[in-house]
Amino acid sequence: MKRRGLGAMAFSVIFGAAACSSAGSSGDETTAASSGPMFEYRVHDAVARADDLAGAGLDLLEKRSGNDLFVLGDANTANELRALGFEATIHQVLPIPSWDPPKPDLEHTSASISSSISSAAADPITETYYGGYHTIRAQYAHLDKVAADHPDLVRVITYGQSWRKQRGLGGYDLKAICITKRTDGDCALNPNSPKPRFFLYAQMHSRELTTGDVAWRWIDYLVENYPTDAAVKELLDGEEMWVVPLANPDGTEVVQSGGNNPLLQRKNLNTSNETRACTVPNHGIDMNRNFDSSWGGSSTSTNPCSQTYLGPSPDSELEVSATENLWRQLFADVRGPNRQDPSPVDAKGLIVSLHSDANTVMFPWYYSSSVHSANDATQRAIAKKLGTLTGYDAGQSGEVLYASGGNSGDWAYDKLGTSIFTIEVGDNAPNDGLSCGGFFPPYSCQAAFFWPKMKPAIVYAARKAVSPFRPE
């Protein structure tokens, strides 16, 4: 694959206007990103106090070992943890980034960056960074190519816009692909589809690169194997496979702009709530704390510079409301209004949201581990099977990681009664420093390690979309 880093100029394009429009101060938050090394801290006996870590604005990673949690930060983070009463040790040291901090540049736009790349790359589908990971342009070119090559199987839709696109600051459309053996009425935005729907949702947190690559491979697996693979043919003849390979393109633009040193941007790029400019890569709102279900609950922060900043109100983010609107158009509302109302056994449809890298499979409720849903038994059984296939721990979020409010998983089940699971894609061994761990594993890990692990799990989940609440 041809590697093409996007360069430091992208920083000024992405953040120049935001940094100038924020009410700046002389505090640490307005300084450029640290030029020193980043550390992954193991925070001992921290599960019961996960909210304290998130509330303090620390970068609480989606990783857990026993009762220990993990925090990403610089050298000063050790002092912050100590001041909060935590005992922490350095789990690993991340390499020093080779990029320069952003400087205001109001003369360029993201569109000009895209134009310059276009003239340099003969085919955007070949555009990669960090050894082979696909850029946003490549992901979208891939969707278009698959649709052109397989019109009998594929439909691509635009379901919304990113925050920056809506503001005229560059940005991107939000795109989804539907794959099925198409007949009249298939892939329509209608919740009463005759075919059950399986939905794979990736890279909501933009720095979680493995999830977008798994989505790309899942799309290719379906369209390339339909003519010859009986299992794939059965799936596509009887169900619709929906994929959002890139749920947070604005954030991904920051990540990929680091080239061989991708940036740790997690959130979207809505900077309008920053009362002072945040450092790179701390801009934006955490999409997975912004959904309108138990919003403002566990593991959220009201600090705009926190990685778990929940936003000014539920559903405030365009990317979040667009996702909710899409899911409402694809999945019928089958559950009653009360928290303990069950979804019926004949309900159809299943969503898998991919994250990294906690080595877990999770299901509602996410906001609390002390409350079980009325469909707990069937959902726990599916999660356990997915855990067996991947080697991951399975349970509610608070049982195997930590509870979180405003989570997409709780929204889908709470508002629609849709079966939904989160797979935190990891290397199964968070403590031994395996080379395929972390947000940025070498690209060689994707074909050699992650895809062989994830394929059987995703196939199993797709098959369960027919009747996910029916006991086996």
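User: A disulfide is taken to be a pair of cysteine sulfur atoms within 2.5 Å of each other. On that basis, how many disulfides does a search of the whole structure find?

Analyst: The model is predicted. Cys 436 and Cys 445 form one such bond, with their sulfur atoms 2.1 Å apart. Another joins Cys 178 to Cys 187, and Cys 278 and Cys 305 are also linked. The search of the whole structure gives a total of 3.

User: What is the pairing when the bonded cysteines of the protein chain are numbered in sequence order?

Analyst: The bonds run from Cys 178 to Cys 187, from Cys 278 to Cys 305 and from Cys 436 to Cys 445. With the bonded cysteines numbered in sequence order, the pairing is 1-2, 3-4, 5-6.

User: Is the link of Cys 178 and Cys 187 left-handed or right-handed?

Analyst: The S to S distance in this disulfide is 2.1 Å, and both Cys 178 and Cys 187 are buried. The angle about the S-S bond is -75°, and the link of Cys 178 and Cys 187 is accordingly left-handed.

User: How many residues apart in sequence are the parts that Cys 278 and Cys 305 tie together?

Analyst: The sulfur atoms of Cys 278 and Cys 305 are 2.1 Å apart, and the link is left-handed, with -90° about the S-S bond. Cys 278 lies in the loop between α9 (249-256) and α10 (318-330), and Cys 305 also lies in the loop between α9 and α10, so the separation in sequence of the parts tied together is 27 residues.

User: Are Cys 436 and Cys 445 buried or exposed?

Analyst: A residue is buried if its relative accessible area is under 20%. Cys 436 has 13% relative accessibility and therefore meets this criterion. Cys 445, at 4% relative accessibility, also counts as buried. The answer for Cys 436 and Cys 445 is therefore buried.

User: What is the volume of the largest cavity?

Analyst: The whole structure holds 3 cavities of 30 Å³ or more. The largest cavity is lined by 13 residues, and Glu 62, Asn 288, Met 362, Asn 407 and Glu 424 lie nearest its centre. By class, this lining comprises 4 nonpolar, 6 polar and 3 charged residues. The volume of the largest cavity is about 90 Å³.

User: Which element gives the largest share of the lining of the second largest cavity?

Analyst: The second largest cavity has a volume of about 70 Å³, and its lining residues include Tyr 133, His 134, Leu 209, Gly 212 and Asp 213. Two or more residues of this lining come from each of β6 (133-134) and α7 (209-225). The largest share, 3 residues, comes from α7.

User: How many residues in the lining of the second largest cavity are charged?

Analyst: Among the residues of this lining are Tyr 129, Gln 139, Asp 213 and Thr 252. By class, the lining of the second largest cavity divides into 5 nonpolar and 5 polar residues, and the number of charged residues is 1.

User: Which are the edge strands of the open sheet formed by 4 strands?

Analyst: The order of the sheet is β2-β3-β1-β4, with antiparallel pairing. An edge strand pairs on one side only, and the strands that do so are β2 (59-65) and β4 (88-94).

User: Which residue in β3 is the bridge partner of Ser 65?

Analyst: β2 pairs with β3 (residues 68-73) in the antiparallel sense over 4 bridges. Neighbouring strands of the sheet are turned by 25° against each other on average, direction ignored. The bridge partner of Ser 65 in β3 is Asp 68.

Definitions and conventions. Residues are numbered from 1 along each chain as its sequence is written. This is a predicted model: local features need pLDDT of at least 70, side-chain atom pairs count only at pLDDT 80 or more; totals for chains, interfaces and linings use all residues. Side-chain values use heavy atoms; hydrogens and water are left out. On a 1 Å grid over the protein atoms alone, a cavity is a set of points where a 1.4 Å probe fits but cannot get out, and a pocket is an open set with protein on both sides within 12 Å along at least five of seven lines; lining residues have an atom within 4 Å of a point. Grid points are joined across faces, edges and corners, and a volume is the space filled by probe spheres set on the points. Ala, Val, Leu, Ile, Met, Phe, Trp, Tyr, Cys and Pro count as nonpolar, Asp, Glu, Lys and Arg as charged, and the others, Gly among them, as polar. Buried means under 20% relative accessible area, exposed over 50%, partly exposed in between (1.4 Å probe, protein chains only). Two strands pair if DSSP finds at least two bridges between them. Axes are lines fitted to C-alpha atoms, for helices over the stretch in contact, and angles run from 0 to 180 degrees between N-to-C directions.
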